[in-house]
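User: I would like to learn how to read burial and contacts in a protein model. Please take me through a few features.

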Amino acid sequence: MRASDLEQDFDRVLFTQEQVEARVAEVAAQIDADYEGRDILMVGVLNGAVMTLADLCRSMRSHMTMDWMAVSSYGAGTKSSGVVRILKDLSGDIEGKDVLIVEDIIDTGLTLSYLVQNLRSRGPKSLEIMAMFRKPEALTSPVDVRYVGFDIPNEFVVGYGLDYAGRYRNLTDVATLAPHVYA
């Protein structure tokens, strides 16, 4: 689904499907170069990172395995609740592994900061972060992100895995949600 299919729901398109695809390919090439000769455990953060992780892995040439975690601090609103919960944990051990967390968006950084602390305590060989979108103006918890797709304004955005109340994840463009949708 493109933003033009539901124009009334969005204020503006930040990135088109084509821009997102091009950036994913660039980030994948950088990860391949950085991890050359090493196996990577890609940890996708559900639900939002599904699109990013799938496209990233298809664009990479490195050997990898995948696992998933579900970590929440939102609910159905447009702002973080401030409470982080693990809804689904990893299915395997990460001790001694090169781990790359793949996240859809970093807003306040609270969720990711908690996740990094939790995973570091499990003894990985290395632990890095890839976030498709980051809101620098919204950060309240510092997080060291090695790979960033796009920095975006501190507005509510949807598309490419980002949702509002479970909707718009399948939007191939990334757009700012019109206030009348969530008012």
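Analyst: Start with contact, which means heavy atoms within 4.5 Å. Here, the buried residues of α2 pack against α1 (17–34), β2 (40–46), β3 (64–72), β5 (98–106) and β6 (126–134). The model is predicted: local features need pLDDT of at least 70, side-chain atom pairs count only at pLDDT 80 or more, and totals for chains, interfaces and linings use all residues. Residues are numbered from 1 along each chain as its sequence is written, and side-chain values use heavy atoms, with hydrogens and water left out.

User: How are helices and strands assigned, and which residues of helix α2 are buried?

Analyst: They are DSSP runs numbered from the N terminus: helices are H or I with at least four residues, strands are E with at least two. Buried means under 20% relative accessible area, exposed over 50%, and partly exposed in between (1.4 Å probe, protein chains only). In α2 (residues 50–59), the buried ones are Thr52, Leu53, Leu56 and Cys57. They lie on the same side of α2 because they cover an arc of only 120 degrees around the axis, taken from the directions from the helix axis to the C-beta atoms.

User: Is Asp67 buried or exposed?

Analyst: Asp67, in strand β3, is buried, at 8% relative accessible area. Leaving out residues up to four places away in sequence, Asp67 touches Leu41, Met42, Val43, Gly44, Lys88, Leu90, Ser91 and Gly92.

User: Where is Asn170 found?

Analyst: Asn170 sits in the loop between β8 (157–158) and β9 (174–177). Asn170 is partly exposed, with a relative accessible area of 46%.
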